[in-house]
Amino acid sequence: MTWPDKTLASAAAMALVRHQMRRIARGNNPAPDTHPAYAPATDQLEQRRALHRYRAWLSVLDLS
């Protein structure tokens, strides 16, 4: 990735890795032609969904 902002380039590269790992975990082949701007957007959505599931799980436990 040759983005001028190295911080964003690094975050996008990590998002691409997580994207490919999720594909492999689902049983799909990696998609090396994934656009670098697509991965951070979908990664953020996946993080939101995971946080939502975690909060729901915590509320079921009701540790108070």
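# Two helices, questioned

Visitor: Among contacts in the chain between residues at least 6 apart in sequence, what share joins residues at least 24 apart?
Guide: That share is 29%. Bear in mind that this is a predicted model.

Visitor: And what makes up the fold, in helices and strands?
Guide: You get 2 helices and 0 strands in the chain.

Visitor: How does the radius of gyration of the chain stand against that of a compact globule of 64 residues?
Guide: A globule like that would come out near 11 Å, but the chain has 15 Å. The C-alpha trace spans about 50 × 30 × 10 Å along the principal axes.

Visitor: How do you know that α2 has the span a helix should have?
Guide: Helix α2 covers residues 38-61, which makes 24 residues, and at 1.5 Å a residue they should span 34 Å. The end C-alpha atoms of α2 are 35 Å apart, so the two values agree. Right after α2 comes Asp62, with a positive phi near 45°.

Visitor: Why is His19 called buried?
Guide: Buried means under 20% relative accessible area. His19 has 11%, so the residue counts as buried. His19 is found in helix α1, and, leaving aside neighbours within four places in sequence, is in contact with Thr34, Tyr38, Ala39 and Thr42.

Visitor: Which residues of α2 are buried?
Guide: Ala39, Thr42 and Asp43. What covers them includes α1. Two of the names should ring a bell: Ala39 and Thr42 are also among the contacts of His19.

Visitor: Is Thr2 buried or exposed, and how do you know?
Guide: Exposed means over 50%. Thr2 has a relative accessible area of 76%, so the verdict is exposed. Thr2 sits in the segment before α1, the helix of residues 6-25. Its C-alpha atom is separated by 45 Å from that of Val60, 58 residues along the chain.

Visitor: What makes Ala13 count as neither buried nor exposed?
Guide: The in-between class runs from the 20% limit to the 50% limit. Ala13 has 31%, and therefore goes down as partly exposed. Ala13 has its place in helix α1, and its C-alpha atom lies 14 Å from that of Gln44, with their positions 31 residues apart along the chain.

Visitor: What share of the whole chain counts as buried?
Guide: Of the 64 residues, 17% do. The chain exposes about 5,200 Å², and 61% of that comes from carbon and sulfur atoms.

Visitor: How many positive and negative side chains are there, and how far apart are the centres of the two sets?
Guide: There are 9 positive and 5 negative ones, with the two centres 2 Å apart.

How values were computed
Residues are numbered from 1 along each chain as its sequence is written. This is a predicted model: local features need pLDDT of at least 70, side-chain atom pairs count only at pLDDT 80 or more; totals for chains, interfaces and linings use all residues. Side-chain values use heavy atoms; hydrogens and water are left out. Helices (H or I, at least four residues) and strands (E, at least two) are DSSP runs, numbered from the N terminus. The radius of gyration is taken over C-alpha atoms; the globule rule is 2.2 Å times the number of residues to the power 0.38. Buried means under 20% relative accessible area, exposed over 50%, partly exposed in between (1.4 Å probe, protein chains only). Contact means heavy atoms within 4.5 Å. Accessible areas come from the Shrake-Rupley method with a 1.4 Å probe; for residues, only the protein chains shown count as cover. Lys and Arg count as positive and Asp and Glu as negative; His and the chain ends are not counted. The place of a charge is taken as NZ of Lys, CZ of Arg, CG of Asp or CD of Glu. The expected span of a helix is 1.5 Å times one less than its number of residues.
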